[in-house]
Amino acid sequence: MVENFFFHPGIFQYDFGPSHPLKPERLQRMFSLLAPFDVPVIESEPATLEDLQRCHSAEYIEAIQAIEEALVEGRSGEDDILELRSRHGFWGDNPAFVGMFDSAAAYTGATIEAARRVRDGAALAFGIGGGLHHALRSKASGFCIYNDPAIACSILRERFSKVAYVDIDVHHGDGVQWIWYDDPSVLTCSIHEEGRTLWPGTGGVEETGAEFTSLNVPMEAGTTADVWIHAFEKTIMPALEAWKPEAIVLQMGTDTHFLDPLAHLLSNQQAWLRSIVRVQELGVPLVAVGGGGYNLSTVPRMWMSAILTLADVAFEDEIPADLAKVAGAPFVSDHDYPYRSGGGRDHADWVIEHLQKKHIPHLKG
């Protein structure tokens with residue numbers, strides 16, 4: 001049975017608008033696929049001011065409230081509000097919207113309660129509505145208002161002396177990295193499309209953090225599933241084995257998938273799920289959160305497969321006919337993978353060699 005699954009209905013209101021690629025529907029479809037498994041959902045509390053201030057400034061939190069109030073009152077174009085929006089990132093891909101304060105606190109609260117459950121002794125807990133890894137201490141970024149994975153690391157540090165953050169999203173987990181960059185008690189690991197071809201443009205191998213506790217595995221555009229999982233196995237796994245974390249926050253963005261519209265990696269469900277299994281095989285307490293993913297035929301089935309696999313719940317690869325339309329696919333795994341193997345191999349081999357020689361040996365267990 002799936003246990004310690006935290007969610008708040010306010011997460012469905014975290015919505016930047018109908019034309020925005022981050023759609024709450026992806027979570028609704030995921031719940032439809034999980035329905036036959038009777039997953040007990042624990043309704044979480046919204047994040048408190050105290051917990052938000054673990055990783056965000058009081059000024060930033062107050063600005064979110066002020067910007068939303070101005071939007072409700074029709075004052076969002078006033079000079080002081082425009083200045084707040086510019087300073088704190090509420091423009092472009094992160095437009096202010098009515099309900100953003102409460103819905104952001106909702107997704108963050110679910111991750112916080114999952115982290116507390118693991119801190120207090122659980123082996124596994126879920127905050128799938130979170131995983132918003134780009135938010136900075138005082139700035140919204142990359143569709144993210146609060147950085148719930150970074151806050152989860154803070155909560156785990158109350159009990160565990162060494163915490164690892166593992167990010168398999170196609171975008172570099174920059175927000176978590178920068179928040180913990182100078183703290184050697186948190187190892188941040190991110191495998192992502194390299195910054196030359198994908199926002200946010202960071203995540204190079206030279207970003208090593210305090211005592212080499214920032215590990216980045218940048219993949220070339222066009223990298224195929226076999227090369228992606230090979231790079232994961234040869235870099236992130238030995239880094240975790242060398243550093244020996246006592247707890248892990250796992251960000252499970254699905255947008256490395258070849259059908260995702262916002263990036264250029266060519267992985268698939270099988271390779272992606274394999275990386276999740278490998279992390280769990282370490283036998284370390286785990287907080288599993290969501291993340292990116294913008295194709296409605298991939299995100300629901302991939303998160304369903306991860307949740308059930310982590311919880312050791314068996315499921316069939318073939319999706320029942322009444323749910324196949326919701327899933328947008330007849331199978332959980334990708335049966336029709338349209339690419340030859342070996343894409344991005346030369347670049348991946350260079351990254352692997354660099355990290356194995358110049359980074360991983362410096363990690364202290």
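**Salt bridges and one helix pair**

Let me begin with lysine 357, which is exposed, its relative accessible area being 59%, and please keep in mind throughout that what we are looking at is a predicted model. Lysine 357 forms a salt bridge with glutamate 353, with 2.8 Å between the closest N and O atoms, and glutamate 353 is partly exposed at a relative accessible area of 40%. Because these two residues are 4 residues apart in helix α12, they are separated by about one helical turn.

The structure holds 17 salt bridges, and two others reach further along the chain. Arginine 87 pairs with glutamate 59, the closest N and O atoms being 2.5 Å apart; this pair links distant parts of the chain, with arginine 87 in helix α4 and glutamate 59 in helix α3, 28 residues apart. Both count as partly exposed, arginine 87 at 38% relative accessibility and glutamate 59 at 41%.

Glutamate 233 and arginine 278 also meet through their side chains in a salt bridge, at 2.9 Å from N to O, and since glutamate 233 lies in helix α8 and arginine 278 in helix α9, the pair ties together parts that are 45 residues apart in sequence. Here glutamate 233 is partly exposed, at 23%, whereas arginine 278 counts as buried, at 15% relative accessibility.

Finally, a word on helix packing. Helices α5 and α6 pack at an angle of about 25 degrees, with their axes 9 Å apart, and that angle makes α5 roughly parallel to α6. Their crossing is right-handed, and the residues of the contact divide into 8 nonpolar, 2 polar and 3 charged.

Technical notes. Residues numbered from 1 in each chain as written. Predicted model: local features only at pLDDT ≥ 70, side-chain atom pairs only at ≥ 80, totals over all residues. Heavy atoms only, no water. Axes fitted to C-alpha atoms, helices over the stretch in contact; angles between N-to-C directions. Parallel < 35°, antiparallel > 145°, perpendicular 65-115°, else oblique. Left-handed = near helix turned anticlockwise from the far one by under 90°. Nonpolar A, V, L, I, M, F, W, Y, C, P; charged D, E, K, R; others polar. Salt bridge = Lys/Arg side-chain N within 4 Å of Asp/Glu carboxyl O. Buried < 20%, exposed > 50% of the residue type's maximum accessible area, 1.4 Å probe, protein only.
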